[in-house]
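User: Hi! I've just opened this one and would like a quick tour. Could we begin with the core?

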Amino acid sequence: MSMPVTVCVQELSELINLHLGPDFLEKDPAWQIMDSAISGRGLFATRDIGTREVILREPALLAGPKASQSTNLNTCCVCYCQLEGSEEEIMCPHGCTMPLCKACSSSERHTFECKLFRKWKPKNTTKISRPAIRIVPIIRCLFLNEMQHKLLYALQANADKFFKAEIKSASDCFEEFTQNRDVINYFYRTICAFNTNAFEGKSCVGGHEVLIRALFPLAGLMNHQCTPNANHHFDNGETIVITAARPIKQGEEIVTTYTKLLWSTLARKGFMALTKQFMCCCQRCQDPTENGTYLSALFCRAQGCKGIVIPVQTKTLQPDWRCTTCESVFPHSKMARYQDFALNTINNRINKGSVAEMITFINDMCPRFCPSSNYVLVEAKLNVIWRMSRPTTEEFNEDHLKCKERYKEEIVALLEKLGAGDCTLKKLITEEIL
Ligand SMILES: [Zn+2]
Ligand SMILES: [Zn+2]
Ligand SMILES: [Zn+2]
Ligand SMILES: [Zn+2]
């Protein structure tokens with residue numbers, strides 16, 4: 001189900017300009033909004049843009065802490081600074097139960113949401129409830145001005161299976177959560193806009209890393225390509241910055257990726273079908289070898305053959321697979337079982353045991369059942385790089401360090417083959433900023 005959007009490109013551009021305001025709207029922006037051949041509307045370069053050039057900066061229309069299962073709740077809901085103290089000490093002194101710093105608890109911005117939460121009556125006033133914090137960015141839609149409200153309604157909003165669940169689990173945290181149908185429908189619509197357009201990511205505030213979930217109407221217009229020409233990162237809490245990963249020609253569409261760069265074509269397609277209801281037809285998706293990276297490759301099942309098999313067709317989620325050596329063809333069901341086996345076997349090892357054990361497993365065990373180009377093995381190597389780059393008590397010998405360097409070189413070469421340019425992942429690997 002897709003909720004209708006009636007705003008034309010010109011109207012949308014005007015709303016975006018108002019939203020950017022004097023602080024963010026440049027005199028000659030490098031982008032413009034146009035109808036896209038990929039899907040709906042998109043962003044297009046108004047001039048040639050060089051690698052690493054900043055294409056745009058945008059403030060969030062709605063934002064809040066991500067508050068997912070694995071995140072700490074010791075972040076101020078308004079300014080995202082890190083809070084020190086016990087759960088009770090970091091909660092708003094007025095009784096709304098949001099974690100807040102002293103300055104923000106009495107700020108104008110917090111006043112409205114504070115009143116709202118208190119009106120709904122938190123069931124437990126001595127505990128921060130994760131589902132209640134998770135809907136903070138959503139309920140902030142009630143405090144938008146008329147222009148911002150119009151802009152919110154101009155955004156694509158696809159309903160997935162889960163959009164009602166978030167409100168349900170939040171409402172369970174309160175004695176008297178709103179029963180007003182109009183308000184609840186407005187929340188639903190906002191959740192769908194989030195699920196369709198939002199960005200989630202790390203932002204650094206005062207040297208402390210927070211996970212933020214935010215709606216950026218302009219950046220959210222970027223369409224998906226599996227090897228995109230633009231990167232994004234969060235800057236100082238609620239600002240998103242879009243930069244060029246490679247040179248972009250005037251008139252070219254500026255695109256991002258909604259999936260992981262190093263996933264295989266079927267993994268990307270499966271994810272997109274599930275979350276975005278979108279079937280990508282980019283160049284990479286149409287090349288069964290994925291620019292010669294063979295990220296999907298599995299070993300041939302024919303007796304005696306040591307070749308690799310890759311999916312043949314590119315437009316379906318259940319393709320036949322063919323061996324590049326003996327040309328045997330295998331049905332998708334058989335290869336999907338094999339891929340799942342490789343994925344589970346490798347993922348079960350990740351983060352269990354030491355890095356040294358993981359390296360041995362990757363180098364000695366995996367080659368017996370999984371080609372080295374397969375994306376699951378690539379992700380496992382990436383995991384080793386991350387674990388070795390972070391502070392750890394584990395000690396590494398020369399062989400381990402050599403392996404890490406080899407993995408890095410392999411992945412950088414992969415990104416090169418994909419034509420990923422100066423993508424964020426490459427930066428993370430080569431500069432080890434984590
Ligand atoms: Zn604060
Ligand atoms: Zn409060
Ligand atoms: Zn694609
Ligand atoms: Zn074969």
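User: Which residues touch the most other members of the largest nonpolar core?

Analyst: Happy to help, and note that this is a predicted model. The largest nonpolar core holds 105 residues, and the ones touching the most other members are I55, M98, A214, L215, F216, I254 and V384.

User: Nice. Which helix gives the most to this core?

Analyst: That's α14, spanning residues 375-389, which contributes 9 residues. As background, nonpolar side chains in soluble globular proteins tend to be buried together.

User: Let's stay with V384 for a moment. What is V384 in contact with, leaving aside neighbours within four places in sequence?

Analyst: With those neighbours left out, V384 contacts V355, M358, I359 and I362, along with K404 and Y407.

User: Switching to sheets: what is the strand order in the open sheet of 3 strands?

Analyst: The order there is β5-β8-β7, and the pairing is antiparallel. At the edges you'll find β5 (62-65) and β7 (199-205), each pairing on one side only. On average, neighbouring strands in this sheet are turned by 35° against each other, ignoring direction.

User: And how many bridges join β5 to β8?

Analyst: There are 4 bridges between β5 and β8 (residues 208-215), and the two strands run antiparallel. If you want a spot to look at, P65 stands opposite I212 in β8.

User: Great. What about the open sheet of 4 strands, what's the order there?

Analyst: That sheet reads β13-β14-β15-β16, again with antiparallel pairing. The edge positions belong to β13 (298-299) and β16 (329-330); each has a single partner strand, so one side of each lacks a neighbour in the sheet.

User: How many bridges join β13 to β14?

Analyst: You'll see 2 bridges linking β13 with β14 (residues 308-311), and these strands run antiparallel. Within that pair, L298 faces V309 of β14.

User: Changing topic, which residues does the UniProt domain annotation "SET" cover?

Analyst: According to UniProt, in an unreviewed entry, the SET domain covers residues 29-259. In the model, the end C-alpha atoms of that span lie 27 Å apart. The span is 27% helix and 24% strand.

User: Last thing: which elements have the lowest and the highest mean pLDDT?

Analyst: Strand β1 (residues 2-3) has the lowest mean, at 54, while strand β4 (residues 54-59) has the highest, at 97. For the protein as a whole, the average pLDDT is 91, with 98% of the residues scoring at least 70.

User: Perfect, thanks!

Note on methods
Residues numbered from 1 in each chain as written. Chains lettered and ligands numbered in written order. Predicted model: local features only at pLDDT ≥ 70, side-chain atom pairs only at ≥ 80, totals over all residues. pLDDT = per-residue confidence, 0-100. Pairing = 2+ DSSP bridges. UniProt positions renumbered as here; feature names shortened; annotations may be inferred. Core = buried A, V, L, I, M, F, W, Y, C linked by C-beta atoms within 7 Å. Buried ≥ 20, exposed ≤ 12 C-beta atoms within 10 Å, placed from the backbone. Contact = placed C-beta atoms within 7 Å. Axes fitted to C-alpha atoms, helices over the stretch in contact; angles between N-to-C directions.
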